[in-house]
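Colleague: I should like to learn how to read the features of a structural model, one at a time. May we go through an example together?

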Amino acid sequence: MHNRILNSVVVLTGAGISAESGVPTFRGEDGLWRQYRAEDLATPQAFMRDPTLVWEWYDWRRGLIANCEPNAAHRTLVDMERRCEDFTLITQNVDDLHHRAGSKRVVQLHGSIWQVRCTSEGIVQENHDVPLRQLPARCACGAALRPHVVWFGESLDGTVLEEAYAAAESCDLMLAVGTSAIVHPAASLPTIAKSRGARLIEVNLERTPLSPYADEVVLGPAAEELPKLWARLQEGV
Ligand code: BJW
């Protein structure tokens, strides 16, 4: 990489990057499942109240995601990782489409929909059953399993968060792609980068609370706009 501004690049992705793969976003019109909003299901309280309902939602999403393929935006980030000296991909998504596209190192802020955790022993296991054999899913020890994801009001993994903050604090360029930028602490990463002198570029279908802080807002679908932006950045524009 010859251009100094691309020495250290951080990309924060949200649900919008997977939208063109067919994964519903959280807050768009397609974010509704039955009559529920995602915000009402992605909480420990919802799980305690009705674990079967919450597992039905995850089982439905797992089935849907299993049939989705990474798109051109995911693939562009694979190329960025290969070509940038110092590159960190931070995602809020739990769909694992970055890994499936070929990204090697992905900081998964909110966990993975393909991992489950025992509510008694805390043990995390990979689970790719589609559909799940039992709802609510149960551990061999008999306790309920839960998705190994971060719900509202729950803390993010400390090591994961530290890695994300460290990358945001030291990057030259931060791209925020397909996130509504309202869920914290993820939403604070681009503004942290900006406050430390990074160039901030946002890619989204619409403006977000982040837009006023961005040096550039690219409006359009990520699968179309990110490859074009990457080509431009490599030319030093
Ligand atoms: C396209 C596109 C295309 C469409 N191309 N673009 C500070 C201030 C205020 C509140 C808080 C705060 N700090 C913490 C909080 C509380 C809370 C929070 O942020 N609340 C806000 C809603 C106000 N945060 C938490 O509770 C977090 N925990 C925490 O901080 O612990 C300590 C603490 C607790 C309580 C108080 C204080 C401190 C945990 C957050 C966990 C979020 N979990 C979820 C579910 C994950 C599991 C799962 O997937 O099932 O994470 S919720 C959901 O939102 C999911 C997402 O990762 C996350 C972000 O959504 P995202 O990715 O931005 O998606 P959308 O749908 O919102 O937006 C899509 C965007 O794409 C849109 O802009 C579209 O326009 C765009 N788009 N198609 C480009 N083709």
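Colleague: To begin with the chain itself, in which loop is Pro136 found?

Modeller: Please bear in mind that this is a predicted model. Pro136 belongs to the loop between E5 and E6. The peptide bond that joins Leu135 and Pro136 is cis, with omega of about -5 degrees.

Colleague: Which other peptide bond, ending at Pro131, is cis?

Modeller: The bond from Val130 to Pro131 is cis, and its omega is near -5 degrees. Pro131 is located in the loop between strand E5 (124–126) and strand E6 (145–149).

Colleague: Turning to backbone angles, what is the phi of Asp96?

Modeller: Asp96 has a positive phi, about 65 degrees, although this residue is not a glycine. As for its place in the chain, Asp96 sits in the loop between strand E2 (86–91) and helix H6 (97–101).

Colleague: Let us move to the ligand. How many residues surround the ligand, and which are the closest?

Modeller: A residue is counted when one of its heavy atoms lies within 4 Å of the ligand. Here 35 residues surround the ligand, the closest being Arg27, Tyr58, Gly153, Ser180 and Asn204. Sorted by class, this shell holds 17 nonpolar, 13 polar and five charged residues. Helix H1 (16–19) and helix H4 (51–66) each contribute at least two residues to the shell.

Colleague: Why does the ligand lie between domain 1 and domain 2?

Modeller: Both domain 1 (1–22 + 70–110 + 156–237) and domain 2 (24–67 + 112–149) give residues to the shell around the ligand, so the ligand lies between them. The space that the ligand takes is the largest pocket.

Colleague: Which atoms of Ala15, Gly178 and Thr179 lie close to oxygen atoms of the ligand?

Modeller: For a polar contact, one looks for a pair of N or O atoms within 3.5 Å. A polar backbone atom of Ala15 is 2.8 Å from an oxygen atom of the ligand. For Gly178, a backbone N or O atom is 3.2 Å from a ligand oxygen atom. Thr179 instead uses a polar side-chain atom, 2.7 Å from an oxygen atom of the ligand. Of the 1,500 Å² of accessible area that the ligand has on its own, the protein covers 76%.

Terms used:
Residues are numbered from 1 along each chain as its sequence is written. This is a predicted model: local features need pLDDT of at least 70, side-chain atom pairs count only at pLDDT 80 or more; totals for chains, interfaces and linings use all residues. Side-chain values use heavy atoms; hydrogens and water are left out. A polar contact is a pair of N or O atoms within 3.5 Å; within protein, one must be able to donate a hydrogen and the other to accept it, and residues adjacent in sequence count only if both atoms are side-chain atoms. Accessible areas come from the Shrake-Rupley method with a 1.4 Å probe; for residues, only the protein chains shown count as cover. On a 1 Å grid over the protein atoms alone, a cavity is a set of points where a 1.4 Å probe fits but cannot get out, and a pocket is an open set with protein on both sides within 12 Å along at least five of seven lines; lining residues have an atom within 4 Å of a point. A molecule sits in a cavity or pocket if more than half of its atoms lie within 2 Å of its grid points. Helices (H or I, at least four residues) and strands (E, at least two) are DSSP runs, numbered from the N terminus. Ala, Val, Leu, Ile, Met, Phe, Trp, Tyr, Cys and Pro count as nonpolar, Asp, Glu, Lys and Arg as charged, and the others, Gly among them, as polar. Domain bounds come from an automatic or database domain assignment.
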